[in-house]
Amino acid sequence: MITFFCCEDSLNAYSVHLMMSILGVNFRQRPFSEAPQHEQRYASWAANGLGNMPIMHDGTLKLFQTSAMLIYLSRAYASELWMPSTPPALARVNQWLNIARGDWLPNANHHSTVQQKWQHLDIGLSLIEQQLELASWLIGHRPTIADIACYPLLTATGIEDAIFKDYPHILKWVNRMQTLPNFISPPKSKTHNTQTNTHFL
């Protein structure tokens, strides 16, 4: 059985938790502080715009990077539909996994001006919006781990529903995500709430 060490308010942990919930994967959740010290150092070193990385143990396999966990879960516990294998689709999935790091989010750009933070955010959201104008999901006509990885970004940006008028396809996508079987809501956190970031908009 999978053992999952995480900080409860980490959006990186949330994306993996969401994937396991949708797939019906059984796992034991433990506080991040109970993971081996050297693994905690690796996970903290890999932190990004969505917070600390979780740690996953499955037998002898040990992972501390969210995208690696999503890839593993999609292949070990699901069908190829969640992680397509054709070269174009595989490349596009990996591209979205990199975008999902959240390095363009306001909270990740500590040395930028307010205007620069908004520009970074607008570019990222516009990229997602343009893709969703073409299809219901980021890779086509069914969800993949690309959608699971990117969904927490919309929580991290702290955009209220009223501001989504500028991104109508994102809003529809968010609604579709919330209808997936066994969907779970993101964690509530002082770090990732609406009042933290709406002043950038």
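## Briefing: cores and contacts

Among contacts in the protein (heavy atoms within 4.5 Å) between residues at least 6 apart in sequence, 69% join residues at least 24 apart. This is a predicted model, where local features need pLDDT of at least 70, side-chain atom pairs count only at pLDDT 80 or more, and totals for chains, interfaces and linings use all residues. Residues are numbered from 1 along each chain as its sequence is written, and side-chain values use heavy atoms, with hydrogens and water left out.

**Fold**
- The protein has eight helices and four strands, taken as DSSP runs (helices H or I, at least four residues; strands E, at least two) numbered from the N terminus.
- Starting at the N terminus, the order is β-α-β-α-β-β-α-α-α-α-α-α.

**Cores**
- The largest nonpolar core (buried Ala, Val, Leu, Ile, Met, Phe, Trp, Tyr and Cys residues joined through side-chain atoms within 4.5 Å) holds 48 residues, and Met56, Ile170 and Trp173 have the most contacts inside it.
- Elements giving two or more residues to this core include β1 (2-6), α1 (11-23) and α7 (168-177).
- Apart from this core lies another, of seven residues, including Phe32 and Ile55.
- Beyond its neighbours within four places in sequence, Trp173 touches Leu132, Trp137 and Leu154, among others, by the contact criterion.

**A look at Val16**
- Val16 sits in helix α1 and counts as buried because its relative accessibility is 0%, where buried means under 20% relative accessible area (1.4 Å probe, protein chains only).
- Leaving aside neighbours within four places in sequence, its contacts include Phe4, Met56 and Leu73.
- The C-alpha atoms of Val16 and Ile148 are 8.0 Å apart, with their positions 132 residues apart along the chain.

Key
Buried < 20%, exposed > 50% of the residue type's maximum accessible area, 1.4 Å probe, protein only.
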